[in-house]
Amino acid sequence: MKKPLLSFRIAQSWNRLLRKFFSLFRRIEGLKASGVETSIELNQMQRKLQSIYNRLSKLQRSVGVKIAGSAIALMLMSANLSAQTYVNEGPLSSNYSLPISVGLLSAISTGDIDGDGDIDIVAGEYFGNTAIYYNDGTGIFTSNSPIKIDGIPVSTGYMPSPTLADVDEDGDLDLYIGTLAGTIKVGINDGTGVFTSAPDMLADGVLLDVGTLAFPEFADVDDDGDLDLYVGEQTGLIKVFLNNGSGVFTSAGNMQDGGIDINFAPLPQPVFYDFDNDGDLDLFVGDQSGLIKVYSNNGTGAFTASANLQSSGVDIDPGTYSSPAFIDVDDDGDMDFLSGDYYGKIHVYLNNGSGVLSDASNLEAFETPFAFGQFSAPAFADIDNDGDLDLFVGKYEGTIATLNNNGNGDFALGANLMAAGIELDAGSFAVPEFADIDEDGDMDLYVGNFSGNIVVFENNGSGVFSAGVNLQAGGIDIDAGSIACPEFADLDADGDFDLYVGNNSGTILVFENDGTGSFTAASTPLFEADGATLDVFAYSSPLFCDIDGDSDLDLLVGEYYGKIQVYINNSGVFNASSTNFQADGQDVDIYLLAIPAIANIDGGCGPDLYVGGYMTPVYFYSYKDTIAPTITCPANFTYNLLQYQSNYTVSGSSLDPIYTSDNCNIESVLNNFNGSSTLAGVDFPAGAEMVTWTVTDIDGNTTSCNVDITINVFNAIEDLETMGILVYPNPSSGIFSIENAQNCNILISDAFGKSILSFANVQDAKIDVDLTNRPAGIYFITVSNETIVKTAKIVID
C-alpha cells in the first residue's frame, strides 16, 4: 500500500495543527503561571492538547521521514534544553551474535569486571573508542560499549589500552587505561563493574609517563605478594614499575633478557600467564609484527626468549598487529588464547588441555556494533512501507547498507541497496538522504559522493530504485566540491523542500526548489549564520531539526573534527549556539567527518541522534526526557461498615487517580496496594491504609501521590456505653442527644462515609444534634480520643 501523497496540502495541514498545538500549550502554561485556572478548565484544555498531539502523530506516521524530520518540535513537546539530555549509548549494535569488531588496532584484556565469577573482556581501539564484552559464564558474550567512568564514556585520545587488576586488594578488579600521552588513567570498581575516577597513576612520586602510548599490564612476577606494573610503549620497550606492597610504585628499568633490554617491535603489549604450568608466570608479547613473542620465566623473575606462540604447529600471526590475552572461552577448564588484530577482530585459539592451541572462529558477541568499514553516513526512511523507519548507511565504496527495523527499534543487517537490478553504487563516500521531492507519494534516494555530485535514484513506489542520475541545478550537474552531504528543508515555508548541501569547504550550498522539483542556485548561494556565511572549517554535514522546541527548524552541522555545531533559528535568522551538541555533558565527538541523522525509532519522548563518520561505526545518542509526569489522587476516603459487612469493596474507579499527564507518553500508573492500574473491585478490611499511586513516563521519570483509605468497623450504640457515652433516642426523628463525650471528637457521617457534622474536643456534658434537614436513613456517629475510636449507627425515621 502506497503512502498518502506528501503534498503541499498535507504540509499545510501539518503546519496548521502544529500552530494549534503550540498556541494551546502556551495558553495552558500561562494559566498555570497565573494560578487562576480551575481543574475542570485545565483538564479540558489538556485533553484537547492530547487530541491535537494524537492527530499530529498519526500524520507523522502516515507521511514518512521527511515530515517527521521537519517535525522534531512535536517530539520535543516544547521541552527546552534544560528539560532533556542525550546519553551516549555507544555504537549502534545488533541484537544477535556477530563477530566482534572493536575497531582498528584492538587492544584487549580480560578479567571478571562485574564479580559474577566469569571472565569478561575489555577493549580499546585506535580512534579512542572502548568496549566491554560481558561473559555469561558459558563463553557467550554481550557487548556493552563504551567503558564508562563516573557514568561518562572514557575519553583518553587515540589508542586507549585497558587492563584490569586488584592493586588496592579490595577483592575486585579496577580499571587501568594506558593513554596516547603515555599516562595511565584509573577507574575504581565498586564490585559490580561500575567505575569511579581516581587520580592517574604515579611512579617515583610523580605522574607515571612512559612517553607516547602506554600498554599496561600487572603481574606478581617477583612472587612477593603484590602486583607490579609492566608498561609497553611506542618504541618497543616494556618498562617495569615495582610495587612496595602498598600500591606505591617505583621505576625499575626495562624488561630484560640476559641483562639486556628487550627491544620488541613498536606497540608491545605484554600479558603474563603460566601457560606451561611450571608454577611461574611467563611473558607473552604482541606487537606490530603480529607475532606473539614468548619469554620463559626461570622461576626467579628472569626471562629468556623462547619460540613464538604457535597454533597447530604454526606461529600465531593475526596480521600486522597483535594484542594477546588468556581466557577459558569454551569453559572446559583450561585457558585458551585470544589476540586482537589490526582490523578490530578478536582471534580465538582453543587449548586442547595440554597447552596445544588450534585455530577457532573469531570471537562473537551479542549486541556487537555494526561495522561499515572506513566510512558511515546514516539516513532513515520507510522504504518497505511497513510503518517503521529502517536505517540506511552510506559507505566508503559507494554502496548503501540496509538495516531493517523489526518494528521495535532493533535492527538486522540486510543486503546492500539495489538500483536497476544491480547493487547501487553512488561513488565513494556515499552520503544518502531520502525525500519525496517529486510528490508521488514515495521516498526517493539522493546520494552525495566524493566527487561533489548528488546522484538521484527514483523509487517506483515499491522500494525498487531506478538507475542513478546526477541531480541538476539550472540544467547543470550540481558540484559541491568534495563529499557532498545533501539535506532538504522548507525553511521559507513555501510548501516545497529546498536543497542544502554540505561539502569539504565547510560551507553549505543552497538550491531553491521551484515547486516542481527543479532546483536553481539561491540568490544567496551559501547558507548564512550570525550575519555571515556559515563555515565550520571543513566537511560540513547539515541536519535541520527543532532542537529548542520552539516549532521552527534549527540546524545541526557535523564537521571535520567529529563535533556537531548547533545553530538556533530565531525567526529565520540562525545564530551559533554557545555549545556544540552534547551527550552526557560532553561534546559529541566521533573522530572525523561527523554525519548526523535524527529519528525517533524507539517511540520515546524525543528524537534520538545517530552519527556516522570516517573510520567509525554509527553512534547512537538516546534522547532522555527529565520532566516528571503529574498525577492527582482522589480525596481521602472513609467508609463505615454496615452491620452485615466484613470489608468494603471499591466501586468502579472511585479510588483511582483523577488525572495523570506527561509532556510525552505515560508508561504506567500503578498502586502499591495490589500492584495494578486500578483499585476497582478491591476489598479493604476494617482499618487504615495509605495507598500510593505512581505514574511513570516512558523515560522513567516518576511522580507519586497518596490517598488515605479508612474503613471503620461496625459498632452498636451499646458499644459507646462502654465508654460511658449515651446517644438517645435511637431511632429518632432527627433530633437526638449525646452525653458524656467530654474531651472527645465527634464526627457524624452519612451511610456513604461523607462527613456532615463534627464537634472537636467536646467540653459540654451534653450535645443536642439536629438532623431534621437530612433525609431519613442510616447515619454514623464516630467518637474518638487519643486512645480509642468507636463508630455507632443511628437511624432517622
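This note goes through some strands, a disulfide and the cavities of a predicted model.

1. Strands β28 and β29. Strand β28 covers residues 336-340 and runs antiparallel to β29, to which 4 bridges join it. One pair across these strands is Leu338 with its bridge partner Val348 in β29. The two strands form a hairpin with 5 residues between them, and Gly344 in that turn has a positive phi of about 95 degrees.

2. Strands β29 and β30. On to the next partner: β29 is joined by 4 bridges to strand β30 (residues 357-360), again in the antiparallel sense. Val348 has Ala360 as its bridge partner in β30. Val348 is also the bridge partner of Leu338. The hairpin of β29 and β30 has 5 residues between the strands, with Gly353 taking a positive phi near 100 degrees.

3. Burial of β29. Strand β29 spans residues 346-351, and 5 of its 6 residues are buried, so the rest of the structure largely encloses this strand.

4. The sheet from β38 to β41. These 4 strands form an open sheet in the order β38-β39-β40-β41, with antiparallel pairing. At its edges stand β38 (431-435) and β41 (469-470); each has a single partner strand, so one side of each lacks a neighbour in the sheet. The partner of β38 is β39 (residues 444-448), and the two pair over 5 bridges. Within this pairing, Val431 is opposite Gly448.

5. Strands β44 and β45. Strand β44 (residues 485-489) runs antiparallel to β45, and 5 bridges join the two. Ala489 has Asp498 in β45 as its bridge partner. Cys485 has 3% relative accessibility and therefore counts as buried.

6. Burial of β45. Which residues point one way from β45, and which the other way? Asp498, Tyr500 and Gly502 point one way, Leu499 and Val501 the other, and all are buried. In a regular strand, side chains alternate between the two faces of the sheet. With 5 of the 5 residues of β45 (residues 498-502) buried, the strand is largely enclosed by the rest of the structure.

7. Strands β45 and β46. Strand β46 (residues 508-513) is antiparallel to β45 and is joined to it by 4 bridges. Tyr500 stands opposite Val510 in β46. There are 5 residues between the strands of this hairpin, and Gly506 takes a positive phi near 95 degrees.

8. The disulfide. The count comes to 1 disulfide. It joins Cys633 to Cys705, with an S to S distance of 1.9 Å. Cys633 lies in the loop between β59 (630-632) and β60 (637-640), and Cys705 lies in strand β66 (residues 702-712), so the pair ties together parts that are 72 residues apart in sequence. Why is the disulfide of Cys633 and Cys705 right-handed? The torsion about its S-S bond is about 80 degrees, so it has that hand. Cys633 and Cys705 are both buried.

9. Cys545. This cysteine is buried too, with a relative accessible area of 1%.

10. Cavities. How many cavities of 30 Å³ or more does the structure hold? There are 2 of them. The second largest holds about 70 Å³ of space. Its lining is made of 10 residues, and those nearest its centre are Asp382, Asn385, Asp442, Met443 and Asn459. By type, the lining of the second largest cavity divides into 2 nonpolar, 5 polar and 3 charged residues.

Conventions:
Residues are numbered from 1 along each chain as its sequence is written. Side-chain values use heavy atoms; hydrogens and water are left out. Two strands pair if DSSP finds at least two bridges between them. Buried means under 20% relative accessible area, exposed over 50%, partly exposed in between (1.4 Å probe, protein chains only). A disulfide is a pair of cysteine sulfur atoms within 2.5 Å. On a 1 Å grid over the protein atoms alone, a cavity is a set of points where a 1.4 Å probe fits but cannot get out, and a pocket is an open set with protein on both sides within 12 Å along at least five of seven lines; lining residues have an atom within 4 Å of a point. Grid points are joined across faces, edges and corners, and a volume is the space filled by probe spheres set on the points. Ala, Val, Leu, Ile, Met, Phe, Trp, Tyr, Cys and Pro count as nonpolar, Asp, Glu, Lys and Arg as charged, and the others, Gly among them, as polar.
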